[in-house]
Amino acid sequence: LPSTDGVTAQLVLDRLRAGLATLVVPGLDPSVKITASFGIAPMEAEATVEETIERADRALYAAKRAGRNRVVSWHGPVPIAIGAVA
């Protein structure tokens with residue numbers, strides 16, 4: 001999400017995550033819900049693109065470890081869960 005601040009990115013991805021959960025897939029039992037987890041990492045001047053992708057990946061895996069179906073943002077060495085849904 002270029003040119004997007006962290007708060008806006010979290011809101012956009014949480015809306016996307018919530019919207020996916022409302023989808024009904026033809027041919028699947030309607031009780032089957034689609035879930036998604038997302039990791040966010042800001043582009044910082046001192047970090048390479050590869051480092052930023054690695055941070056986002058770590059945030060994504062933190063979201064999965066925390067129960068999935070959530071948005072987690074990278075804040076320093078410890079990712080922080082945002083918009084978590086049980």
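A good place to enter this structure is a pair of side chains: that of Ser-73 makes a polar contact with that of Gln-10, at 3.3 Å. The model is a predicted one, and the values below were all computed from it. Ser-73 belongs to strand S2. Is Ser-73 buried or exposed? With a relative accessible area of 4%, Ser-73 is buried, because a residue counts as buried when that value is under 20%.

With this contact in mind, the overall layout can be described. The protein chain contains 2 helices and 3 strands. Followed along the sequence, these elements come in the pattern α-β-α-β-β. The chain has 86 residues, and 23% of them count as buried. About 5800 Å² of the protein chain is exposed, and 62% of that area is supplied by carbon and sulfur atoms. How do contacts span the sequence? Among contacts between residues at least 6 apart in sequence, 39% join residues that are at least 24 apart.

Strand S2 offers a second example in Val-71. Val-71 counts as buried because its relative accessibility is 0%, and buried means under 20%. The C-alpha atom of Val-71 is separated by 6.9 Å from that of Leu-13, although the two residues are 58 apart along the chain. Leu-13 falls within the range of helix H1 (6-22).

The loop just before this strand is also worth a visit. Arg-68 is placed in the loop between H2 and strand S2 (71-75), and Asn-69 lies in the loop between H2 and S2 as well. Which backbone angle stands out at Arg-68? Its phi is positive, at about 70°, although Arg-68 is not a glycine. For Asn-69, another residue other than glycine, phi is also positive and is near 55°. The surroundings of the two residues can be set side by side: Arg-68 is exposed, with a relative accessible area of 52%, whereas Asn-69 is buried, with a relative accessible area of 12%. The label for Arg-68 follows because exposed means over 50%.

Asn-69 has further links to other parts of the chain. Its side chain and that of Arg-17 are joined by a polar contact of 3.4 Å. Which residue, 33 places away along the chain, has its C-alpha atom 4.9 Å from that of Asn-69? The partner is Ala-36.

Helix H2 supplies two more residues to look at. Asp-57 is found in helix H2, and Ala-62 is found there too. Asp-57 counts as partly exposed, at 33% relative accessibility, while Ala-62 counts as buried, at 13%. Partly exposed is the label for Asp-57 because its value lies between the limits for buried and exposed, under 20% and over 50%. From C-alpha to C-alpha, Asp-57 and Phe-38 are 8.7 Å apart in space, with their positions 19 residues apart in sequence. For Ala-62 and Ser-37, which are 25 residues apart along the chain, the C-alpha atoms are separated by 9.4 Å.

The last feature is an open space in the model. The largest pocket has a volume of about 310 Å³. Helix H1 (6-22), strand S1 (38-40) and helix H2 (49-65) are the elements that give two or more residues to its lining. Which element gives the most? That element is H2, with 4 residues. In total, the largest pocket is lined by 16 residues, and those nearest its centre are Leu-1, Ile-40, Ala-41, Pro-42 and Met-43. By residue type, the lining divides into 11 nonpolar, 4 polar and 1 charged. Helix H2 therefore appears twice in this account: H2 is the element that holds Asp-57 and Ala-62, and H2 gives the most residues to the lining of the largest pocket, as counted from helices defined as DSSP runs.

Note on methods
Residues are numbered from 1 along each chain as its sequence is written. This is a predicted model: local features need pLDDT of at least 70, side-chain atom pairs count only at pLDDT 80 or more; totals for chains, interfaces and linings use all residues. Side-chain values use heavy atoms; hydrogens and water are left out. Buried means under 20% relative accessible area, exposed over 50%, partly exposed in between (1.4 Å probe, protein chains only). Contact means heavy atoms within 4.5 Å. Accessible areas come from the Shrake-Rupley method with a 1.4 Å probe; for residues, only the protein chains shown count as cover. On a 1 Å grid over the protein atoms alone, a cavity is a set of points where a 1.4 Å probe fits but cannot get out, and a pocket is an open set with protein on both sides within 12 Å along at least five of seven lines; lining residues have an atom within 4 Å of a point. Grid points are joined across faces, edges and corners, and a volume is the space filled by probe spheres set on the points. Ala, Val, Leu, Ile, Met, Phe, Trp, Tyr, Cys and Pro count as nonpolar, Asp, Glu, Lys and Arg as charged, and the others, Gly among them, as polar. A polar contact is a pair of N or O atoms within 3.5 Å; within protein, one must be able to donate a hydrogen and the other to accept it, and residues adjacent in sequence count only if both atoms are side-chain atoms.
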